[in-house]
Amino acid sequence: MDVTLHLAQDPDADRLLGRSPLAALTGMLLDQQIPMEWAFKGPATIARRLGSDDLDAHEIAAYDPEAFAALLSEKPAVHRYPGSMAGRIQQLCRYLVEHYDGDAEAVWRGVEDGRELLRRLQELPGFGKQKAQIFLALLGKQLGVRPAGWREAAGAYGEEKSFRSVADITGPESLVKVRAHKQEMKAAAKAAKAAKKPGA
């Protein structure tokens with residue numbers, strides 16, 4: 001895995017995401033309730049605070065939980081909820097150690113069926129169906145991981161020329177389009193919720 005991603009909008013952080021499967025998975029895990037760039041900058045910040053140029057699942061899994069939470073909480077914090085996200089990252093790393101010997105890329109290496117890959121991603125701690133589908137779309141669209149039926153397994157996120165998620169961000173222009181799409185979705189969800197209220 002060695003591509004240039006543009007998710008953190010920060011050259012060093014993006015380089016790490018493009019060459020480190022664990023960093024990419026960690027960024028995806030962090031991508032909730034905070035701006036996307038903040039989430040995907042997180043893996044590089046964690047690596048730097050660990051005194052390394054990459055993340056190691058064995059090291060993170062074995063790290064003292066309180067010390068790891070403190071590491072994520074240092075200013076600037078890695079996430080709005082650094083303590084709970086520290087726990088989730090450790091959970092993910094423990095799962096990878098237990099099931100894949102700490103090798104994050106083994107989650108998708110050699111998988112020939114899109115549905116099987118989606119199933120594997122959904123089994124990762126912190127990855128619900130939507131997050132798994134977005135990551136599957138990212139693997140297919142930008143990281144060259146394209147098992148048979150991957151677009152179908154990724155659902156709407158796998159569609160060509162769509163601007164729905166991080167899978168579609170290749171630079172500042174597409175970032176603006178994805179942001180606009182997300183705002184439309186939020187507005188539609190809000191309107192639907194308002195319409196359901198009694199007396200609406």
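The legends below describe an overall view and several close-up views of a predicted model.

**Figure 1. Overall view of the chain, which has 10 helices and zero strands.** Read along the sequence, the elements follow the pattern α-α-α-α-α-α-α-α-α-α. The radius of gyration is 17 Å, close to the 16 Å that the globule rule gives for 200 residues, so the chain is as compact as a globular protein of that length. The C-alpha trace spans about 55 × 40 × 30 Å along its principal axes.

**Figure 2. Burial, contacts and surface of the chain.** Of the 200 residues, 48% count as buried. Among the contacts with a separation of 6 or more, 55% come from residues 24 or more positions apart. The chain exposes about 10,200 Å², and carbon and sulfur atoms supply 51% of this area. There are 28 positive and 27 negative charges, and their mean positions lie 10 Å apart.

**Figure 3. Close-up of Asp 168, in the loop between helix H9 (150–153) and helix H10 (172–196).** Asp 168 has a relative accessible area of 7%; this is under the 20% cut-off, so Asp 168 counts as buried. Its side chain makes a polar contact with the side chain of Lys 141, at 2.5 Å. Leaving aside residues up to four places away in sequence, Asp 168 touches Lys 141 and Gln 142, Ser 162 and Phe 163, and also Ser 174 and Val 178.

**Figure 4. Close-up of the cis peptide bond from Lys 75 to Pro 76.** Omega of this bond is near -10°. Pro 76 lies in the loop that runs between helix H5 (65–73) and helix H6 (82–100). For context, most peptide bonds are trans.

**Figure 5. Close-up of Gln 9, in the segment before helix H1 (11–19).** Phi of Gln 9 is near 55°, a positive value in a residue other than glycine. Most residues other than glycine have a negative phi. The relative accessible area of Gln 9 is 34%; this falls between the 20% and 50% cut-offs, so Gln 9 counts as partly exposed.

**Figure 6. Close-up of Gln 33, in the loop between helix H2 (21–30) and helix H3 (36–49).** The backbone of Gln 33 has phi near 65°, which is a positive value in a residue other than glycine.

Conventions
Residues numbered from 1 in each chain as written. Predicted model: local features only at pLDDT ≥ 70, side-chain atom pairs only at ≥ 80, totals over all residues. Heavy atoms only, no water. Helix = DSSP H or I, 4+ residues; strand = E, 2+ residues; numbered from the N terminus. Rg over C-alpha atoms; globule rule 2.2 N^0.38 Å. Buried < 20%, exposed > 50% of the residue type's maximum accessible area, 1.4 Å probe, protein only. Contact = heavy atoms within 4.5 Å. Areas by Shrake-Rupley, 256 points an atom, 1.4 Å probe, with all protein chains shown as cover. Lys, Arg positive; Asp, Glu negative; His and termini not counted. Charge placed at Lys NZ, Arg CZ, Asp CG, Glu CD. Polar contact = N/O pair within 3.5 Å; in protein donor to acceptor, adjacent residues only side chain to side chain.
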